[in-house]
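User: Can you walk me through this model? I'd like to start with the packing.

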Amino acid sequence: MAEEKKHSDYLIEHEDYANWQINLGDKTVHARRAPGRFRNIKWIINSIFLLPFFLLPYFTWDERQAIFFDIPERKFYLFNIVVWPQDFIILALLMLFAFILLFAMTAIAGRIFCGFVCPQTLWTDLLTLVEGWTEGKAKQRIKLDAAPWNFEKIRKKGLKHLMWIVICGATSITFLGYFSGIYDAWTGFFTFNYNVYEWASFIFVFALFYVNTGFLREQVCQWMCPYSRIQAVMTDKDTITTTYDYHRGENRGRLVKGQIAEGNGDCIDCNMCVTVCPTGVDIREGNQIGCINCGLCADACDDIMERVNRPKGLVRFMSYNEVENNTTTHNRFMRPRPLFYMAVTTITFISIAYLLLFISPIEMNVNHERSPTFTLMSDRSIQNVYHMIVLNKTESAADFMLTTKGLDGAMTNFDDKPIHLLSGEAKKVDLRIKVPRKNLKSASQDVTITLTSTENPEITTKYKSAFFGPGN
Ligand code: SF4
Ligand code: SF4
């Protein structure tokens, strides 16, 4: 009776993946799409990032676009928050937060950002999905690339590029929509009504996505991305990366009559892990610079292990120490490097949240006149001068009152005289405070200067300064 073939035998013989080429940088990698845990995580993360990117510009808040970067007016709108150039510290902190978070992620789990979150990966996933719809599975695409040009090849490639152009065009217009207004970005494009900067931005972003994620894709991750070069300084021997468990896998060898040959390890040399790799890496050769830690090879290998009745996890996320010491004990977080990065990330995050929540819609900078610090007036009062810049960061023009607290009998040149400020206007004013000499208790007394909107007393800001006199 003929020996029953296992599905794994059929798979390997029929598909002939054994000769699959690893990435040498000379050809486009056509990776197989295989289902699995990490593939599902990638779908979820793709949705979490791509859907908001395309949809958020259509949300409105207070009759304006909810997220809008108004470059000419130098204002950033984030729902109810308006970030002015004077709040640059928030943007600086946001950038710091993003970088340190990236460092923390890398210290804990290597290039996991590249594998799951990087726009290059997200859009490459999207464009190769379209490639699969139009040109077929990975092997069919490789054959199509090698085939001479004919009607069928032109039809398939033409349809793919048309869909890529639509996706990259929509990406570029949406990106522009965050700066020009989303409806203006669409109508401006279709009516050829962009200004030179808008056309330049559109072409740049379109080309960036079309070329990088459509044509270059894994070459960007492997050869061009500077982050791949510097990641080594952020990782250590406890960083988890997708790793081949060579203790279990070697000696690798093909199935013999549907079984793992006597003396062989669990790796049946099927090359499935290589065929699914978007950067064309053979993970069994050890950790490599091209590996973006996406876990897709682990999915593929788990599937094979299930078919040959071996435990899953021959390729899995583990650290150098785990694989070298052949152990499952690990230290994911309690290490100086991740702890340091996480501490900085947390502090930065709290600072940003505080600044965003308590961002003041008005600002006041105060500089006490130093030369002279005080003047003895003819009416025997003491005068101090404060050079001030007051700024209205609300969305409308308003009147503001300057008041003082802490000095007996103090009078100012702004008593009953509000300062009118347009929206976004910054004005230089000199505040003169006069105090009867007899009321001064010492050579220096605290004074609190307050700027308050006449229409909305909740819009207010304070500054503590000193009032100087001759002393007793
Ligand atoms: S590691 Fe797994 S998927 Fe890769 S060749 Fe070996 S058995 Fe096949
Ligand atoms: S080797 Fe595995 S984890 Fe690394 S990029 Fe390829 S499929 Fe992803």
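User: Which residues touch the most other members in the largest nonpolar core?
Analyst: Cys273, Val276, Cys297, Ala300 and Cys301, out of 53 residues in that core. A nonpolar core here is a set of buried Ala, Val, Leu, Ile, Met, Phe, Trp, Tyr and Cys residues joined through C-beta atoms within 7 Å. Buried means 20 or more other C-beta atoms within 10 Å of the residue's own, exposed means 12 or fewer, and partly exposed is in between, with C-beta atoms placed from the backbone.

User: And which helix gives the most to this core?
Analyst: Helix 3, with 8 residues. Helices are DSSP runs of H or I with at least four residues, strands are E runs of at least two, and both are numbered from the N terminus.

User: What does the second core include?
Analyst: It is separate, has 22 residues, and includes Phe400, Leu402, Val435 and Leu440. As background, nonpolar side chains tend to be buried together in soluble globular proteins.

User: Before I go on, what are the ground rules?
Analyst: This is a predicted model: local features need pLDDT of at least 70, side-chain atom pairs count only at pLDDT 80 or more, and totals for chains, interfaces and linings use all residues. Residues are numbered from 1 along each chain as its sequence is written, while chains are lettered from A and ligands numbered from 1 in the order in which they are written.

User: Back to Cys297. What is it in contact with?
Analyst: Beyond neighbours within four places in sequence, Cys297 contacts Thr242, Cys273, Val276, Cys277, Ile283 and Val315. Contact means C-beta atoms, placed from the backbone, within 7 Å.

User: Ligands next. Which residues come nearest to ligand 1?
Analyst: Cys267, Cys270, Met272, Cys273 and Cys301, from 16 residues around ligand 1. A residue counts as near if its C-beta atom, placed from the backbone, lies within 6 Å of the molecule or strand. Helix 13 (272-275) and helix 14 (296-307) each give two or more residues to that shell. Helix 14 gives the most, with 3.

User: How does that shell split by class?
Analyst: Ligand 1 has 11 nonpolar, 2 polar and 3 charged residues around it. Ala, Val, Leu, Ile, Met, Phe, Trp, Tyr, Cys and Pro count as nonpolar, Asp, Glu, Lys and Arg as charged, and the others, Gly among them, as polar.

User: And what surrounds ligand 2?
Analyst: 15 residues, with Thr242, Cys277, Cys291, Cys294 and Cys297 the closest. The classes are 10 nonpolar, 5 polar and no charged.

User: Thr242 keeps turning up. What stands opposite it in strand 9?
Analyst: Phe317. Strand 6 (residues 240-244) and strand 9 (residues 315-319) pair antiparallel over 5 bridges. Pairing needs at least two DSSP bridges between the strands. In strand 6, 5 of 5 residues are buried.

User: Where are the hairpins?
Analyst: One joins strand 3 and strand 4, with 4 residues between them, and Arg74 in the turn has a positive phi of about 55 degrees. Strand 3 (residues 67-70) and strand 4 (residues 75-78) run antiparallel over 4 bridges. Phe69 has Phe76 as its bridge partner. Another hairpin has strand 4 and strand 5, with 2 residues between the strands; there Phe79 takes a positive phi near 55 degrees.

User: What about odd backbone geometry elsewhere?
Analyst: Most residues other than glycine have a negative phi, and most peptide bonds are trans. Arg217 has a positive phi of about 20 degrees. Phi of Asn309 is near 55 degrees. The peptide bond from Glu250 to Asn251 is cis, omega near -5 degrees. Ser371 and Pro372 are also joined by a cis bond, omega about 5 degrees.

User: Arg217 and Asn309: buried or exposed?
Analyst: Arg217 is buried, because it has 24 C-beta neighbours inside 10 Å. Asn309 is exposed, because its count is 10 other C-beta atoms within 10 Å.

User: Last one. How does the whole chain look?
Analyst: Its radius of gyration over C-alpha atoms is 32 Å, against near 23 Å for a compact globule of 472 residues; that rule is 2.2 Å times the number of residues to the power 0.38. The C-alpha atoms fill a box of roughly 120 × 60 × 30 Å along the principal axes. The chain has 16 helices and 18 strands, and 32% of its 472 residues count as buried.

Methods. Two residues are in contact if their C-beta atoms, placed from the backbone, lie within 7 Å.
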